[in-house]
Amino acid sequence: MRFSIRTFIIFLLAPLFFVPKTAYADISITVIGNWSETIDKNDLLSGAGSDLQSTYTSASGQVSIDIRGTKGINDAWRIDIRKVDNNWSNNLHPYVMRTSDGKGGRVSGGTSYQEVTDINTPFFSGSGMVKGINIQLRLTGASIQIRPSSYSTVLYYTVVDIQ
Amino acid sequence: MKRLKFLLLAAALALALNRTALGADVGTHLMTFDFQAINEIEVTGSPILTVASAVAGEQPQEVTDSLSTCAITTNGANKRITASIDTAMPAYVTLKVCVAAPSGSGTSQGCVTLTTSASNVVTGISHVADSSPTITYKLSADVQAGVLSTDARTVTFTLSD
């Protein structure tokens, strides 16, 4: 009898370990777009003797987000955001802001600039499938104190099904 | 019985973990900022220096002009400013330049005699933006120079490694 219970549980668990997660994932996020800027002498505030402008802002629709695979218009979700640095300076601070609602379900929050840190932080939320949510990016902290180099960081948008 | 409890616990844990995986997905994008080397220097001022007086029994008096300035911006480290003139000064005539170090960075080399070869006037400049360093020119001549007609020199300042 003990053997049959154990066998039953093993057979119950086995598929959970071997079936790919994507086959189960019902909500998904697609992020389209990157942002790159070249900062040179043309960015000095007033030529020789002046510092670099400290803030750079992308186009309002620099990045576009689609949310798919929800179970109806009332299936609520939340977008969390964090960054993972490649080569980065602690003087540089990236920000994100939602600039459109997209088309489809409902979206709320995230309409003012929010700094992106190494820790996952709620950005905005919504419900249902939404296509084309525009994101604007901003960088602050640029100055001549930052040595010449290419700095990059990856922004991670995690959609969390909260219902 | 203990083994059964363990298996049930493992089953619950596996279900819980898989449930978390069911409700999340991740998308990414890259932000890249290419900070290029910036080494800018700009000089203002067109001084006119005339040696025209002397104390009896001494060489002609040196004349000084401190109305010129240079503006410097660099995001590099350990830069220097050099100065040179386009053609040599007449015999027995000396033109010197003294450039103040930018605030908080670099060391002035004091008053340096200008020649057609580049000479260091400020060294050790790092990550600075300053539009106020003063440039002082000093012109002197010995009596052996004689009387010379008005002449002009172009002084070239270079910010480099």
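This is a quick walk through chain A's overall make-up, then a sheet and a serine in chain B.

Okay, so before anything else: what you're looking at is a predicted model.

Let's start with chain A. It has one helix and 10 strands. If you follow the sequence along, the helix comes up front and the strands come after it, as in α-β-β-β-β-β-β-β-β-β-β. Chain A runs to 163 residues, and 28% of them count as buried. Now look at contacts in chain A with a separation of 6 or more: 80% of those join residues 24 or more positions apart.

Over to chain B, and a sheet there. It's an open one, four strands, in the order β6-β8-β4-β11, with antiparallel pairing. The edges are β6, at 107–108, and β11, at 155–160, and each of those pairs on one side only. As a quick reminder, strands of a sheet pair through backbone hydrogen bonds, either parallel or antiparallel.

Let's zoom in on one pair. Strand β4 of chain B, residues 79–85, goes antiparallel with β11(B) over six bridges. If you want a spot to click on, find Thr82(B), which sits opposite Thr158(B) in β11(B).

Last stop, Ser68(B). You'll find Ser68(B) in strand β3 of chain B, residues 63–74. So is Ser68(B) buried or exposed? Somewhere in between: it counts as partly exposed, because it has 18 C-beta neighbours inside 10 Å, and buried would take 20 or more.

And who does it touch? Skipping neighbours within four places in sequence, Ser68(B) is in contact with Val43(B), Thr44(B), Gly45(B), Pro47(B) and Ile135(B). Take Val43(B): Ser68(B) is 25 residues from it in sequence, yet their C-alphas are 7.3 Å apart in space.

Note on methods: Residues numbered from 1 in each chain as written. Chains lettered and ligands numbered in written order. Predicted model: local features only at pLDDT ≥ 70, side-chain atom pairs only at ≥ 80, totals over all residues. Helix = DSSP H or I, 4+ residues; strand = E, 2+ residues; numbered from the N terminus. Buried ≥ 20, exposed ≤ 12 C-beta atoms within 10 Å, placed from the backbone. Contact = placed C-beta atoms within 7 Å. Pairing = 2+ DSSP bridges.
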